[in-house]
Amino acid sequence: MFKKIKRLFSKKEPFESLPPERISMLLDMLARTEPLEVSCDDVSTALAEFSEMHKRGEDVTHLMPLVHQHLGMCPECREEFEAVKAAIEAEQQLD
Ligand SMILES: [Zn+2]
């Protein structure tokens, strides 16, 4: 990915002479190289909201894709998610 970008930049022509669609393609590529992963801390912060959404049957895969993705590959956060979910259910049973 980076090699490709470097190659685009290393051409002899100055950046300004690039056609606009080339520039927007380049920016798009750069945007995609941003890390798409969230940390356990981020997930932990979002977990309460995520669990509420999940509980309401909302499409968490779509609404919080990064959290959902993280839960899919991080057993620790998945455990925490189960705990939060259980807590929410217990809370509702008290009502
Ligand atoms: Zn995690």
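**Exercise 1. State what share of the residues of the protein count as buried.**

Solution. A residue is buried if 20 or more other C-beta atoms, placed from the backbone, lie within 10 Å of its own. Of the 95 residues of the protein, 12% count as buried. This is a predicted model: local features need pLDDT of at least 70, side-chain atom pairs count only at pLDDT 80 or more, and totals for chains, interfaces and linings use all residues. Numbering runs from 1 along each chain as its sequence is written.

**Exercise 2. Describe the helices and strands of the protein, and then the span of α6.**

Solution. Step one: helices (H or I, at least four residues) and strands (E, at least two) are DSSP runs, numbered from the N terminus. The protein has six helices and zero strands, in the pattern α-α-α-α-α-α along the sequence.

Step two: helix α6 covers residues 75–94, which is 20 residues. From its first C-alpha to its last it reaches 29 Å, close to the expected 28 Å; the expected span is 1.5 Å times one less than the number of residues. Two of the 20 residues of α6 are buried, and α6 is hardly covered.

**Exercise 3. Identify the residues of the largest nonpolar core and the helices that supply them.**

Solution. Step one: a nonpolar core is a set of buried Ala, Val, Leu, Ile, Met, Phe, Trp, Tyr and Cys residues joined through C-beta atoms within 7 Å. The largest has eight residues: Val43, Leu47, Phe50, Met64, Val67, Leu71, Cys77 and Phe81.

Step two: α3 (40–55), α5 (65–73) and α6 each supply at least two residues of this core. The largest share, three residues, comes from α3.

Step three: in soluble globular proteins, nonpolar side chains tend to be buried together.

**Exercise 4. Determine how α3 is oriented to α6 and to α5.**

Solution. Step one: axes are lines fitted to C-alpha atoms, for helices over the stretch in contact, and angles run from 0 to 180 degrees between N-to-C directions. Angles under 35 degrees count as roughly parallel, over 145 as roughly antiparallel, 65 to 115 as roughly perpendicular and the rest as oblique.

Step two: α3 and α6 pack at about 40°, with axes 9 Å apart. Therefore α3 is oblique to α6. Contact (C-beta atoms, placed from the backbone, within 7 Å) involves residues including Val43 and Leu47 of α3 and Cys77 and Phe81 of α6.

Step three: the axes of α3 and α5 come within 10 Å and cross at roughly 110°. Therefore α3 is roughly perpendicular to α5. Val43, Ala46 and Phe50 of α3 make the contact with Val67, His70 and Leu71 of α5.

Note on methods:
Contact = placed C-beta atoms within 7 Å.
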